[in-house]
Amino acid sequence: MNHWLMKSEPDAFSIDDLKRKKREPWDGVRNYQARNFMRDGMRVGDQVFFYHSNCAEPGIVGIARIATDAYPDPTQFDPKNGHFDAASSRDNPRWVLVDVAFVRKLKRTITLKEMQALPALSGMALVRKGNRLSVMPVDAEDWRTILALE
DNA sequence: GCCAACGTTGGC
DNA sequence: GCCAACGTTGGC
């Protein structure tokens, strides 16, 4: 079982949105590294930290679960969609997504600030300066360390 | 294949 | 809203 972290801007899609909808296609990822993690790394049942970015208190707010294998992201084919990619085709889709299912909210937000302050997490991609990846793996040990903060 | 210009991400 | 970091694009 692998562990992951996925970022979302709460103004666009928050942990409460996922709780309400129970399950959601994680569309709009347009970064090759993030895509490759979804396509090649994720397996159904993997656990995910749901992270709120670009907001007043960035941090991990909940846990989700990978509900499907990767499949083509339909938004890349829709010219009216903000994530449309004219260079992609249905025969050879460039972008994929996975469905993500709600598991639970954390009792509190584990903030980016406190994770940055923990020496045990200094190796985590999330806390490295300039990190912009929206989908990333989380070590089993880091996963436990973070959950213990809750 | 280099690299400048440009666009985006995301913390602050 | 600012800006640092970083990915992508495209001219050469």
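Biologist: Let's start with His 52: where is it found?
Modeller: His 52 sits in strand 3. Helices (H or I, at least four residues) and strands (E, at least two) are DSSP runs here, numbered from the N terminus.

Biologist: Before we go on, what sort of model is this, and how is everything numbered?
Modeller: This is a predicted model, in which local features need pLDDT of at least 70 and side-chain atom pairs count only at pLDDT 80 or more, while totals for chains, interfaces and linings use all residues. Residues are numbered from 1 along each chain as its sequence is written, chains are lettered from A and ligands numbered from 1 in the order in which they are written, and side-chain values use heavy atoms, with hydrogens and water left out.

Biologist: Thanks! So is His 52 buried or exposed?
Modeller: His 52 is buried, with a relative accessible area of 10%. Buried means under 20% relative accessible area, exposed means over 50%, and partly exposed is in between (1.4 Å probe, protein chains only).

Biologist: How far apart are His 52 and Glu 9?
Modeller: In sequence they are 43 residues apart, but in space the C-alpha to C-alpha distance is 5.5 Å.

Biologist: Which strand does strand 3 pair with?
Modeller: Six bridges join strand 3 (residues 47-52) to strand 1, and the two run parallel. Gln 47 of strand 3 is the bridge partner of His 3. For two strands to pair, DSSP must find at least two bridges between them.

Biologist: And what's on strand 8?
Modeller: Strand 8 (residues 135-138) is joined to strand 1 by four bridges, this time antiparallel. There, Val 135 is the bridge partner of Met 6.

Biologist: Why is strand 1 described as largely enclosed?
Modeller: Six of the six residues of strand 1 (residues 3-8) are buried, so the rest of the structure largely encloses it. His 3, Leu 5 and Lys 7 point one way, Trp 4, Met 6 and Ser 8 point the other, and all are buried.

Biologist: What does the side chain of Ser 8 contact?
Modeller: A polar atom of the Ser 8 side chain lies 2.6 Å from the backbone oxygen of Phe 13. A polar contact is a pair of N or O atoms within 3.5 Å; within protein, one must be able to donate a hydrogen and the other to accept it, and residues adjacent in sequence count only if both atoms are side-chain atoms. Ser 8 has a relative accessible area of 9%.

Biologist: Switching to the DNA: which residues surround strand B?
Modeller: DNA strand B is surrounded by Lys 7, Tyr 51, Ser 53, Asn 54, Pro 58, Leu 112, Gln 116, Asn 131, Arg 132 and Leu 133. A residue is near a molecule or strand if one of its heavy atoms lies within 4 Å of it.

Biologist: What about contacts to phosphate oxygens there?
Modeller: An N or O atom in the Tyr 51 side chain is 2.6 Å from a phosphate oxygen of DNA strand B. Backbone N or O atoms do it too: one of Asn 54 lies 2.8 Å from a phosphate oxygen, and one of Arg 132 lies 2.9 Å from a phosphate oxygen. Of the DNA strand B atoms within 4 Å of the protein, 67% belong to sugar or phosphate and the rest to bases.

Biologist: And which residues surround DNA strand C?
Modeller: Tyr 32, Lys 129, Gly 130 and Arg 132 surround DNA strand C. A polar backbone atom of Lys 129 is 3.3 Å from one of its phosphate oxygens. For DNA strand C, 62% of the atoms within 4 Å of the protein belong to sugar or phosphate, and the rest to bases.

Biologist: Back to Asn 54: what about its phi?
Modeller: Asn 54 has a positive phi of about 55° although it is not a glycine. Most residues other than glycine have a negative phi. Asn 54 is in the loop between strand 3 and strand 4 (59-66), and at 63% relative accessibility it counts as exposed.

Biologist: What about Lys 22?
Modeller: Lys 22 also isn't a glycine, and has a positive phi of about 70°. Lys 22 lies in the loop between helix 1 (15-21) and strand 2, and counts as exposed at 61% relative accessibility.
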